[in-house]
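Q: Please take a close look at one site in this model, and then work outward from it to other local features. Give the cut-off behind each term as it comes up.

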Amino acid sequence: MCNTFVLDMDELSRDFNDALLKEMECPVCMDYMVPPIKMCTNGHNICSKCRGRVTFCPTCRAEFSEIRNVALEHIARSQKYPCANRQHGCLELFSIEHIAEHHTVCVYGKIKCPFILNKTCKSAWSGFKSDLKEHAKVAHPGCFFELPSIRGLYADGIVSLLSYFGEFFVRYQRKRNGKVYAVVLLIGSSSEASKYKCEFALCAANGIEQISNTFLVQSYSEDLEKIFNSGKCFCVDEAVRRYFLIENISNFAIRLSPIH
Ligand SMILES: [Zn+2]
Ligand SMILES: [Zn+2]
Ligand SMILES: [Zn+2]
Ligand SMILES: [Zn+2]
């Protein structure tokens, strides 16, 4: 709990400055900027996540430089941030490293439907975690499983939602730079996610050859690019996946289990 600070509302209004917090918001994603904070040639700031996604400054259309706003990075690191659900009763304050993760697990907050990952949630649902099962049953019946394991095809961009062990797990697969990746994310914090492991298995038609790897489940709040780059997920060359095709379908299985 060393990163958590509980204060009453009076103390809250005294202890952080709304104007400063506003300055700390990224103009693109509106989240608080996590260092490194890069600047455009006119000095506008952008968060590290959004820097890779835009060519020009969203504020003035100038080009970005590689210069970091070190002063703002220092402020970002020393600032304590209020939970976005403050007006709904969450009075905790967090460091910049922990605020995003908290937002995914805050009981006062809403979460986005995990099927936004492959843009198959037509209503772009967001709601409370306690209502996610009902939504998934209605809107994503073919991709929602109340099981700890599933077997099926290995398709690019596929998302499945598993509800088991009283938790929600998101399975996501993606082709990237000639490799295929599969990851399982718990809708919860990193510490809750690390209580589970997932076995990924790709099986050949001959019933003999198989590739099987086990990884810790990652948190839904983690950045996917970071997970893919870190090696903390299943990954094989596209050529290997093709070799394992059975009648044009990869026989791919995942199995979740708690770590005792
Ligand atoms: Zn941003
Ligand atoms: Zn600018
Ligand atoms: Zn909260
Ligand atoms: Zn949905």
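A: Cys47 has a relative accessibility of 2% and therefore counts as buried; buried means under 20% relative accessible area, exposed means over 50% and partly exposed lies in between (1.4 Å probe, protein chains only). The model is predicted, so local features need pLDDT of at least 70 and side-chain atom pairs count only at pLDDT 80 or more, while totals for chains, interfaces and linings use all residues. Residues are numbered from 1 along each chain as its sequence is written, chains are lettered from A and ligands numbered from 1 in the order in which they are written, and side-chain values use heavy atoms, with hydrogens and water left out.

Cys47 is one of the residues that coordinate the zinc ion (ligand 1): the SG atoms of Cys26, Cys29, Cys47 and Cys50 do so at 2.3 Å. Donors here are N, O and S atoms within 2.8 Å of the metal (3.2 Å for Na, K and Ca); water is not among the atoms, so sites may look incomplete. The angles among the four donor atoms run from 104 to 113°, and the site is tetrahedral, a label that requires all angles of four donors to lie between 85 and 135 degrees. For comparison, the ideal angle for four tetrahedral donors is 109.5 degrees. Along the chain the donors follow the spacing C-x2-C-x17-C-x2-C. Cys29 and Cys47 link distant parts of the chain, 18 residues apart: Cys29 is in the loop between α2 (18-23) and β2 (38-40), and Cys47 in the loop between β3 (45-46) and α3 (48-51). Helices (H or I, at least four residues) and strands (E, at least two) are DSSP runs, numbered from the N terminus. Cys29 is partly exposed, at 25% relative accessibility.

Pro36 also belongs to the loop between α2 and β2. The peptide bond from Pro35 to Pro36 is cis, with omega near 0°. Most peptide bonds are trans, and most residues other than glycine have a negative phi.

Phe165 has a positive phi of about 55° although it is not a glycine, and it sits in the loop between β11 (159-164) and β12 (167-176). Asn177, likewise not a glycine, has a positive phi of about 50°; this residue is in the loop between β12 and β13 and is exposed, at 70% relative accessibility.

Phe165 leads on to the aromatic rings. Rings of Phe, Tyr and Trp (its six-membered ring) pair if their centres lie within 6.5 Å; planes under 30 degrees apart are stacked, over 60 edge-to-face and the rest tilted. The count by this rule is eleven aromatic pairs. Tyr164 and Phe165 make an edge-to-face pair, at 4.7 Å centre to centre and 85° between the planes. Phe165 is partly exposed, with a relative accessible area of 31%. The pair of Tyr181 and Phe228 is tilted because the ring centres are 4.8 Å apart and the planes lie at 45°. Tyr181 is in strand β13 (residues 179-186) and Phe228 in helix α8 (residues 224-230), so this pair ties together parts 47 residues apart in sequence. Both Tyr181 and Phe228 are buried.

Notes. Tetrahedral: all angles 85-135°; square planar, octahedral: opposite > 155°, others 65-115°.
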